[in-house]
Amino acid sequence: MSHNMSPRAWASVLLVGIYLGILFIKSEVASWQRIHRMFLLQEAHMYLIISLAIAVAMASMALIKRYGVRTVDGEPIRYEPKPFHTGVVVGGMLFGAGWAITGACPGPIYAQIGAGQWMALVTLAGALLGMFLYAALKPRLPH
């Protein structure tokens with residue numbers, strides 16, 4: 001986000017974030033037990049939510065492209081596919097392992113913290129550490 005955003009734009013982003021946090025908690029997307037049961041193939045709850053999210057994202061991307069929607073800063077939204085390579089597989093496996101262990105991918109971490117699940121601060125610290133390690137090791141990683 002740009003530092004030049006208007007107060008209205010900041011408020012919009014904050015309200016969407018609060019809404020998503022509530023949605024994540026109420027739908028149990030940020031529930032460790034739900035994530036655990038998903039990875040053990042014991043229930044379809046999360047797979048159905050993920051499938052719905054993919055369908056909504058596909059429809060949203062089509063609408064963004066068709067109507068030339070812009071960011072809150074007025075910039076055009078462009079989608080540029082990333083090339084597939086070994087790093088995608090390794091990164092996906094690391095991401096999945098972290099998700100299975102902690103019960104959270106990046107968005108739900110904040111929802112968990114907002115819901116008072118303070119151990120999510122450890123997850124956030126691990127995610128930040130991983131991000132900084134990736135940045136430091138990027139030149140040596142397969143891309």
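Select arginine 34 and glutamate 43 and show their side chains: a polar contact of 2.5 Å joins the two. You are looking at a predicted model, so read this pair, like every other stop on the tour, as a feature of a prediction. Arginine 34 sits in helix 2, which covers residues 32-39. Is arginine 34 buried or exposed? Its relative accessibility is 17%, and because buried means under 20%, arginine 34 counts as buried. Now bring up its surroundings. Leaving aside residues up to four places away in sequence, arginine 34 touches Glu28, Glu43, His45 and Met46.

**Around the arginine: the loops on either side of helix 2**

Keep Glu28 on screen, since it is one of those neighbours of arginine 34. Glutamate 28 belongs to the loop between helix 1 and helix 2. Check its backbone: phi is near 65°, a positive value in a residue other than glycine. Glutamate 28 is partly exposed, as its relative accessible area is 33%.

Stay in that loop between helix 1 and helix 2 and click on serine 31. At 15% relative accessibility, serine 31 counts as buried. While serine 31 is selected, add alanine 62 and draw a line from C-alpha to C-alpha. How far apart are serine 31 and alanine 62 in space? The answer is 31 Å, for a pair that is 31 residues apart in sequence.

Next, cross to the other end of helix 2 and pick leucine 41, in the loop between helix 2 and helix 3. Here is another backbone to inspect: leucine 41 has a positive phi of about 55°, although it is not a glycine. With a relative accessibility of 67%, leucine 41 counts as exposed.

**Along helix 3**

Colour helix 3, residues 45-67, and place a distance between its end C-alpha atoms. Why does a span of 33 Å agree with what one should find for helix 3? Helix 3 has 23 residues, and at 1.5 Å a residue these should span 33 Å, so the 33 Å between its end C-alpha atoms agrees. Then step just past the helix to glycine 68, which takes a positive phi of about 60°.

**The second largest pocket**

Helix 3 also leads to a pocket. Turn on a surface and look for the second largest pocket, with a volume of about 360 Å³. To find it, select Phe24, Val29, Ile49, Ile50 and Ala53, the closest to its centre of the 15 residues in the lining. Helix 1 (7-26) and helix 3 (45-67) are the elements that give two or more residues to this lining. Helix 3 gives the most, with six residues. Colour by residue class, and the lining of the second largest pocket divides into 14 nonpolar, one polar and no charged residues.

**The largest pocket**

Move on to the largest pocket, whose volume is about 940 Å³. Its lining has 28 residues, and the closest to the centre are Leu94, Phe95, Ala127, Gly130 and Met131. Which elements give two or more residues to the lining of the largest pocket? They are helix 4 (86-102), helix 5 (106-114) and helix 6 (120-137). Helix 6 gives the most, with 10 residues. In the same colouring by class, the lining of the largest pocket shows 19 nonpolar, nine polar and no charged residues.

**Past helix 6**

Leave the pocket by way of Gly130, one of the residues closest to its centre, and select leucine 141 as well. Leucine 141 lies in the segment after helix 6. Glycine 130 and leucine 141 are 11 residues apart along the chain, and 14 Å separates their C-alpha atoms. Leucine 141 is partly exposed, with a relative accessible area of 33%.

**Zoom out**

Finish with the whole chain as a cartoon. You should see six helices and zero strands, running α-α-α-α-α-α from the N terminus on. Taken along the principal axes, the C-alpha atoms fill a box of roughly 40 × 40 × 30 Å. Colour by accessibility, and 15% of the 143 residues count as buried; arginine 34 and serine 31 are among them. For a last view, draw the contacts between residues at least 6 apart in sequence: 40% of these join residues at least 24 apart.

Methods
Residues numbered from 1 in each chain as written. Predicted model: local features only at pLDDT ≥ 70, side-chain atom pairs only at ≥ 80, totals over all residues. Heavy atoms only, no water. Helix = DSSP H or I, 4+ residues; strand = E, 2+ residues; numbered from the N terminus. Buried < 20%, exposed > 50% of the residue type's maximum accessible area, 1.4 Å probe, protein only. Polar contact = N/O pair within 3.5 Å; in protein donor to acceptor, adjacent residues only side chain to side chain. Contact = heavy atoms within 4.5 Å. 1 Å grid on protein atoms, 1.4 Å probe; cavity = no way out; pocket = protein on both sides within 12 Å on 5 of 7 lines; lining within 4 Å. Points joined across faces, edges and corners; volume = space filled by probe spheres on them. Nonpolar A, V, L, I, M, F, W, Y, C, P; charged D, E, K, R; others polar. Expected span 1.5 Å × (residues − 1).
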